[in-house]
Amino acid sequence: MNAVATIPRNNNALTITEHQAAIWSALKSSIYPGASDNSISLVLDYCTAAGLDPMQKPVHIVPMWDGNSRTMRDVVMPGIGLYRVQASRSGQFAGMSEPVFGPMVTEKIGSVDVTFPEWCRVTAYRQLANGHIAEFTAVEYWIENYAIKGGKEKDQSPNAMWSKRVRGQIAKCAQAQALRMAFPEIGSQPTAEEMEGKSIIDGEAVVVQQARAEKPAYSQTDFDKNLPTWRDLIASGKKSADQLIATLQSKATFTDEQLAAIRAPFAVDGSPEVEDEIDWSKTGTGDQA
């Protein structure tokens, strides 16, 4: 174990023990496959400074576009797992709530239609010195967090992970925010899950996204005409109210009263109980009696 090996580090040759060389090899081949030598060095430097075990993968290597140098560069950032571990080790962590998701919406983002939860809410609990359990609630919006594909085409659509896990990824972002609120001493740096697909401009990571086109409001005349068909579709079980609304909202915006009419429950005989759900004075259709 006293034998030495040589590895490249920060463009220089570094002499290390065989044990250290084994760690380096594991990081390169299994934990951070495909990472450059300089990026592995960044991981080791980060973990050494913070007293972390690099074999537990407490940090991630995140490729980011540097707007100043006009090049891609790797940045080492903590993962949500690290914040969970640090909160647990504090002895005051009292758990977290299950993620609560907002309504599913569908929008054309980049070149594709994407259906995603509008927001996610998570609460972290911390037991204070007096025994009180304090609650720290964070709400994060999907559209403000998703990672873009980018590339030469500067594609604004979500990358593979955010397309596949539309709930899971935003839940991690909400958890990270809640943990930072509950345990500010564990750090203020955003996690890798939050910063994936972002850019660095003037030293700060920012989201670079195209403005979304404003969708027109759905006319009340067309709504009154199509509502019976939509209600029949829901009653048949072919689509849930939320699925139908997600499809409709990809093309236009709807008022709260219109959405309530679509979601209105059905009577025992299968007919819609719409009257109690709609304030007809706001629909422009006059007295429905």
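**Exercise 1.** Leaving aside its neighbours within four places in sequence, which residues is Gln 189 in contact with?

*Solution.* The model is predicted: local features need pLDDT of at least 70, side-chain atom pairs count only at pLDDT 80 or more, and totals for chains, interfaces and linings use all residues. Residues are numbered from 1 along each chain as its sequence is written, and side-chain values use heavy atoms, with hydrogens and water left out.

- Step 1. Place the residue: Gln 189 sits in the loop between α5 (168–182) and α6 (192–195). Helices (H or I, at least four residues) and strands (E, at least two) are DSSP runs, numbered from the N terminus.
- Step 2. Apply the contact criterion, heavy atoms within 4.5 Å. With the neighbours within four places set aside, the partners of Gln 189 are Tyr 46, Val 76, Met 77, Pro 78, Tyr 83 and Arg 180.
- Step 3. Take one partner, Pro 78: its C-alpha atom is 7.5 Å from that of Gln 189, although 111 residues separate the two along the chain.
- Step 4. Classify the exposure. Buried means under 20% relative accessible area, exposed over 50%, and partly exposed in between (1.4 Å probe, protein chains only). Gln 189 has 29% relative accessibility and therefore counts as partly exposed.

**Exercise 2.** Describe the aromatic pair of Phe 116 and Trp 142, and state which parts of the chain the pair ties together.

*Solution.*

- Step 1. Search the whole structure for aromatic pairs; the result is nine. Rings of Phe, Tyr and Trp (its six-membered ring) pair if their centres lie within 6.5 Å; planes under 30 degrees apart count as stacked, over 60 as edge-to-face and the rest as tilted.
- Step 2. For Phe 116 and Trp 142, the centres are 4.2 Å apart and the planes make an angle of 15°, a stacked pair.
- Step 3. Locate both rings. Phe 116 belongs to strand β8 (residues 112–117) and Trp 142 to the loop between β10 (133–141) and β11 (148–150), so the pair ties together parts 26 residues apart in sequence.
- Step 4. Add the surroundings: Phe 116 and Trp 142 are both buried, and ring pairs link them with Tyr 146 and Trp 162 into a cluster.

**Exercise 3.** Work out how β7 pairs with β8 and how β9 pairs with β10.

*Solution.*

- Step 1. Two strands pair if DSSP finds at least two bridges between them. β7 and β8 are antiparallel, with six bridges; one bridge sets Met 104 against Pro 117 in β8.
- Step 2. Two residues separate β7 from β8 in a hairpin, and Gly 110 in its turn has a positive phi of about 65°.
- Step 3. β9 (residues 119–127) and β10 also run antiparallel, joined by nine bridges. Trp 119 stands opposite Tyr 141 in β10.
- Step 4. This hairpin of β9 and β10 has five residues between the strands; Gly 131 in the turn has a positive phi of about 90°.

**Exercise 4.** Determine how helices α7 and α8 pack, and what covers the buried residues of α8.

*Solution.*

- Step 1. Two packed helices are described by the angle between their axes and the distance between the axes. Axes are lines fitted to C-alpha atoms, for helices over the stretch in contact, and angles run from 0 to 180 degrees between N-to-C directions.
- Step 2. The axes of α7 (residues 220–235) and α8 (residues 241–249) come within 9 Å and cross at roughly 140°.
- Step 3. Angles under 35 degrees count as roughly parallel, over 145 as roughly antiparallel, 65 to 115 as roughly perpendicular and the rest as oblique. α7 and α8 are therefore oblique to each other.
- Step 4. From α7, Trp 230, Leu 233 and Ile 234 meet Ala 241, Leu 244 and Leu 248 of α8.
- Step 5. The buried residues of α8 include Ile 245 and Gln 249; their cover includes β7 (104–109), β8, α7 and α9 (256–263).
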